[in-house]
Amino acid sequence: MSTETDTQTDIEIDEPGPFHEFYEAFSENRIAVFGLGLLAFLIIITLLADFIAPYSATAQNYDAVLEGPSMDHPMGTDELGRDIFSRVLFGYRIIFSITVGGVMMAFTMGTLLGLAAGYYGGWLDEFLMRGVDVLMSFPSLILALALIAAIGPSRWGIALVLGIAYTPIFARVARSESVSLSNEAFIRSLEVRGVSTPRILIAHMFPNVLGPLIVTVTLQLAFGILTTATLSFLGVGVQPPSPSLGLMLADGKDIIGRAWWMSLFPGVAIMLPVIAFNTIGDGLRDTFDPKQVRN
Amino acid sequence: MALLEVDGLSKHFVVNGGVVPRLLGTRKELQAIRNVSFEIEAGQTLGLVGESGAGKSTVGNVITRIYEPTNGTVRYNGANVHELSGSDLQAYRQSVQMVFQDPYTSLDPRYKIGRTIAEPLKIHTDLSKAERKERVSELLETVNLEPEHRDRYPHELSGGQLQRVSIATALALDPEFIILDEPVSALDVSVQARILNLLMELQEEYELSYLFISHNLGVIKHLCDHVAVMYLGEIVEQAPTGELFENPHHPYTEGLLNSVPQPQPGGSKSTDGLTGEIPSALNPPAGCSFHPRCSYATDQCSVDAPPLETLDSERKVACHHWDAVVADQADERSELTHSSVQNDGTK
């Protein structure tokens, strides 16, 4: 008995809990920590846009058309005299809300479908996964364009399109985890104890597949930002006069020789969250899957 | 009426399923269990023994409705288990529990021990949160763990402790019948004995019936009232434990018993243990499925499958030549006594 108590105290000292372990492993990855810092910075300036932005996003000033970066306009102005810095800040607000909304929708639908497909197997699995294959056989941008053509461009329309276009990715990740998990004895023991299927899926399987899914969420957020910006660039995304990073890039491309700031700053603004999400995603993947070789 | 009656149970799995193999006709059936029948009386323990791949675990999984049977019935208190629904099914879920082989994977890794044990209580009873907590402490005590283990995660406990937790979870709803699927095979030998003793104590205290699935004859001998020996999905011999161990009637049982290492100093090392491998259940041999490995086999064995014959009320055997097996053992025994007498004489 006394030996048992001894080992338990040892355990408490050596293993301060799974979260601490995770934190240790993640914080070892310098690039991922940098990405997390960058993301935190971007989120803060987005939330505080009302206080930080010197001008309104749509205020036009014909006395200051196409001015280069200056103290008054840190990122210059566009052809309507709008402050690009302010437009970038408010543009973040729109692009983040669209991307996060879309990815969360895909995460919810995809995870549910994938878990059910992997758990039930059989014809349901075949049916859902062949559907996923069909969706995945279209490049996601083409799929998004087609869907937008059908439902018309709007902010929440784009979010919905992202949600549909990314559902298959989450469904696949969730299904592969679900298949291996369904064979574990603890899932079978839950069935034997009469735990209902929805409860098994949501209360037991979901928390156990969350790790790999969070990695996918982070990486898909990066893709989502790019896709949203691309749709805007092509003119089917956020409609003017709402500030949209992609559209600003498109407006600037024709006069890049005269007003480089009109393209550069929105371009960098798109790049930063993509870098942040990608580095965080890579870091999380390394942390959740320590079997992968770390270079 | 017996508590559990398994009658003519078969379970076939389709290997290589799916649309394409179906069209090509390359689908195969794996006969995991074939025409298995046995009964378990209240308060008794039936041991199910056999090599890996004999279908032992499948029997357990069909009884607990993880699998639907291809043929045959499982009756519990007279009711067909696979036709239960609604509140009858919930009642069945409460009174029949299962403990799995690998304690490391049979608990949800993200649930604290207390939450795992309390879950069946939450589903099947209307105990309040405080009452559940109290019951969990009680159960932990029953399986000789501390109430403090409630707040630990499975990865913080040892294999033996985890198996105790599994047993506590199984006991949570006052079951009548527990299927023990190799409950100690993954544990250290010293821990095995303690878990087995715990199981025997619990059986006495709560009047439990067990179906004890194992490949370990020593463990079976220790715990079971009756033993059924399985080979390639079929029961080949069934008898009260003592009789089976003293006087096996089936050549396979004999082989299994001879394969057990005898730790007696100077004990004769048996040479007639089992040879060869268990054949694939995808392609079982014709006739008696044991005949390719059997030293008693004759031409008849490769053609006719022997039925499970009832010799007396408690003993069943499926072999054309069981009398030869019995006679052979009688010879061996007399030889043994003879040689030991001689040994005594020379000393």
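A residue counts as buried when its relative accessible area is under 20%. By that criterion, seven of the nine residues in helix H10 of chain B (residues 251-259) are buried, and the helix is mostly covered. The structure described here is a predicted model. This briefing covers the interface of chain A and chain B, followed by that helix of chain B.

**Extent of the interface**
- On the chain A side, 23 residues are in contact with chain B, where 28 residues take part.
- The two chains bury about 2,400 Å² between them, and carbon and sulfur atoms account for 50% of that area.
- A:Arg188, A:Val192 and A:Arg193 supply 29% of the area that chain A buries against chain B, more than any other three residues.

**Polar and charged pairs**
- One salt bridge is found across the interface of chain A and chain B.
- A:Arg199 forms a salt bridge with B:Glu119, with the closest N and O atoms 2.7 Å apart.
- Nine residue pairs are in polar contact across the interface, counting pairs with both residues at pLDDT 80 or more.

**The side of chain A that touches chain B**
- Three helices of chain A, H1 (2-14), H9 (185-192) and H10 (197-233), each supply at least two residues to this side.
- H9(A) gives the most, with seven residues.
- By residue class, this side of chain A comprises 10 nonpolar, five polar and eight charged residues.

**Helix H10 of chain B**
- The buried residues of H10(B) are B:Pro251, B:Tyr252, B:Thr253, B:Glu254, B:Gly255, B:Leu256 and B:Leu257.

Note on methods
Residues are numbered from 1 along each chain as its sequence is written. Chains are lettered from A and ligands numbered from 1 in the order in which they are written. This is a predicted model: local features need pLDDT of at least 70, side-chain atom pairs count only at pLDDT 80 or more; totals for chains, interfaces and linings use all residues. Side-chain values use heavy atoms; hydrogens and water are left out. Contact means heavy atoms within 4.5 Å. Buried area is the accessible area (1.4 Å probe) that two parts lose on being put together, summed over both. A salt bridge is a side-chain nitrogen of Lys or Arg within 4 Å of a carboxyl oxygen of Asp or Glu. A polar contact is a pair of N or O atoms within 3.5 Å; within protein, one must be able to donate a hydrogen and the other to accept it, and residues adjacent in sequence count only if both atoms are side-chain atoms. Helices (H or I, at least four residues) and strands (E, at least two) are DSSP runs, numbered from the N terminus. Ala, Val, Leu, Ile, Met, Phe, Trp, Tyr, Cys and Pro count as nonpolar, Asp, Glu, Lys and Arg as charged, and the others, Gly among them, as polar. Buried means under 20% relative accessible area, exposed over 50%, partly exposed in between (1.4 Å probe, protein chains only).
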